[in-house]
Amino acid sequence: MSDIKPVFLPERQRFALDDEGKIIGAAHYRDFDGSEGVDRIFFHTTVDEEYGGQGLAGIMVKFALENTIASGARIVPVCPYVKAYVAKHTEYAEHLAEPEKHHLDILPRG
């Protein structure tokens, strides 16, 4: 396996997996500025098919969640993968916010 590493791409509103300059996965998010601070809504996670089964999505999502917590934002899991990840890793429970209509309303359609 080559030197795959998670990276933060705030200008593209995603965390990604970088394989020597090639983006091979992404955890897409949108930030919502609410009355209690920033909620980071994770809505879609992908890893290129040829890289599947290596645990890379978990590495990327852990990196994304740790970055989110460090920034002071709350985690809003909408993506099925992120929902399953935080259900399994209960150490994130105190940093979660349930998805609400105002969160869903800012997500891209289609």
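**Exercise 1. The two sides of H2**

Task: In this predicted model, find which exposed residues sit on the face of H2 turned away from its buried side, then work out how the buried residues of H2 are arranged around its axis.

Solution: Start on the outside. Pro80, Ala87 and Lys88 are the exposed residues on the face of H2 turned away from its buried side. Next, list the buried residues in H2: Val82, Tyr85 and Val86. Now look down the axis of H2: its buried residues fall within an arc of 90°, so they line one face of the helix. This fits a general rule: an α-helix has 3.6 residues a turn, so residues three or four places apart point the same way. Finally, ask what covers the buried residues of H2; the cover includes strand S4 (37-47), H1 and strand S5 (74-77).

**Exercise 2. H1 against H2**

Task: Describe how the axes of H1 and H2 cross, and say which residues meet between the two helices.

Solution: Two packed helices are described by the angle between their axes and the distance between the axes. Here the axes of H1 and H2 come within 11 Å, crossing at roughly 75°. Angles of 65 to 115 degrees count as roughly perpendicular, and H1 and H2 are therefore roughly perpendicular to each other. Now go down to the residues. H1 brings Ala57, Gly58, Val61, Lys62 and Leu65, which meet Tyr81, Val82, Tyr85 and Val86 of H2. Sorted by class, this contact has 7 nonpolar, 1 polar and 1 charged residues.

**Exercise 3. Leucine 65 up close**

Task: Decide whether leucine 65 is buried or exposed, and find its contacts beyond four places in sequence.

Solution: First, place the residue: leucine 65 lies in helix H1. Buried means under 20% relative accessible area, so leucine 65, at 1% relative accessibility, counts as buried. Then set aside the neighbours within four places in sequence; leucine 65 is in contact with Phe42, Ile75, Val82, Tyr85, Val86 and Tyr92. As a check on one of these partners, the C-alpha atoms of leucine 65 and isoleucine 75 are 7.2 Å apart, with their positions 10 residues apart along the chain.

**Exercise 4. The nonpolar cores**

Task: Which members of the largest nonpolar core touch the most other members, and which elements give two or more residues to this core?

Solution: The largest nonpolar core has 19 residues, and Phe15, Phe42, Leu65 and Val82 touch the most other members. Strand S2 (14-19), strand S3 (22-34), helix H1 (56-71) and helix H2 (80-88) each give two or more residues to this core. H1 supplies the largest share, 5 residues. To finish, look for a second, separate core: it has 6 residues, among them Phe43, Val78, Ala97 and Leu107.

Notes:
Residues numbered from 1 in each chain as written. Predicted model: local features only at pLDDT ≥ 70, side-chain atom pairs only at ≥ 80, totals over all residues. Heavy atoms only, no water. Core = buried A, V, L, I, M, F, W, Y, C linked by side-chain atoms within 4.5 Å. Buried < 20%, exposed > 50% of the residue type's maximum accessible area, 1.4 Å probe, protein only. Helix = DSSP H or I, 4+ residues; strand = E, 2+ residues; numbered from the N terminus. Axes fitted to C-alpha atoms, helices over the stretch in contact; angles between N-to-C directions. Parallel < 35°, antiparallel > 145°, perpendicular 65-115°, else oblique. Contact = heavy atoms within 4.5 Å. Nonpolar A, V, L, I, M, F, W, Y, C, P; charged D, E, K, R; others polar. Arc of directions from axis to C-beta.
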